[in-house]
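Hello,

Here is the structure I wanted to pass on to you. Have a look at it first, and then read my notes below.

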Amino acid sequence: MYTPPTLGPTLETPRLILKPPTLQDLDGFVAMMADEETARYIGGLQPRSNVWRAVCTMAGSWALQGFSMFSMFEKSTGKWVGRLGPWMPADWPGPEVGWGLSRDAWGKGYATEGAAATIDWAFEHLGWTEVIHSISPPNEPSKQVARRLGSRFLRMGMLPAPYNDHEVEIWGQSREEWRTRKRQA
């Protein structure tokens, strides 16, 4: 059986393994996008065919841009628990590190832990000078993650089609703010 090449790095945190998504991760993505509460702020409920396209888009971004969301796995179990990382499709409001976790991974600090590792990686390896997080206004848990990362509300913005049906809050910080905060910690 053909095994496609790995298109990006594997990052490790104390509790997580982050690696570029593969079709082996598809069932985890499908389950996340079939859960109404989980999918609410990350594109809404999606059929398997749409989720397949989204996973292929992420893999294609690794091939074409050298970065994209990572699949996130618990180290202790090997279980797929979500996707997060650098993301900047055409016409996006800026260089984003975003997150979406399966419901059983909520409340464990995984979004903050994984996002911090990918922000470090984006600033170090991609040369980004800022990072944003596009957050739907009612999504308080994501705002809490952004705050824990040291980000602040910057402005209102719009995502490109097909997600341009409502404004999003743009949260973020500069590379220097990130580094200063880490030095002080």
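What follows is a short tour of the nonpolar cores and of one helix pair. Please keep in mind that this is a predicted model.

Let me start with the largest nonpolar core, which has 26 residues. Within this core, Leu18, Met72 and Trp99 touch the most other members. Two or more residues each come from the strands β2 (16–19), β3 (70–74), β4 (80–87) and β5 (96–101), and from the helix α4 (110–126). The largest share is that of α4, with eight residues.

Leu18 is a good place to zoom in. Leaving aside residues up to four places away in sequence, Leu18 touches Pro9, Thr10 and Leu11, then Phe70, Ser71 and Met72, and also Leu84, Gly114, Ala117 and Thr118.

There is also a second, separate core, made of 18 residues. Leu26, Val55, Leu159 and Val168 are among them.

Now back to α4, this time with a partner. α4 packs with helix α6 (residues 175–184) at an angle of about 125°, and the two axes lie 11 Å apart. Because of that angle, α4 is oblique to α6. Their crossing is left-handed.

If you would like to find the contact on screen, look for Ala116, Ile119, Asp120 and Phe123 on the α4 side. On the α6 side, they meet Arg175, Trp178, Arg179 and Lys182. Sorted by type, the residues of this contact are four nonpolar and four charged, with no polar ones.

Enjoy exploring!

Best wishes

Key
Residues are numbered from 1 along each chain as its sequence is written. This is a predicted model: local features need pLDDT of at least 70, side-chain atom pairs count only at pLDDT 80 or more; totals for chains, interfaces and linings use all residues. Side-chain values use heavy atoms; hydrogens and water are left out. A nonpolar core is a set of buried Ala, Val, Leu, Ile, Met, Phe, Trp, Tyr and Cys residues joined through side-chain atoms within 4.5 Å. Buried means under 20% relative accessible area, exposed over 50%, partly exposed in between (1.4 Å probe, protein chains only). Helices (H or I, at least four residues) and strands (E, at least two) are DSSP runs, numbered from the N terminus. Contact means heavy atoms within 4.5 Å. Axes are lines fitted to C-alpha atoms, for helices over the stretch in contact, and angles run from 0 to 180 degrees between N-to-C directions. Angles under 35 degrees count as roughly parallel, over 145 as roughly antiparallel, 65 to 115 as roughly perpendicular and the rest as oblique. A crossing is left-handed if the near helix is turned anticlockwise from the far one by less than a right angle, and right-handed if clockwise. Ala, Val, Leu, Ile, Met, Phe, Trp, Tyr, Cys and Pro count as nonpolar, Asp, Glu, Lys and Arg as charged, and the others, Gly among them, as polar.
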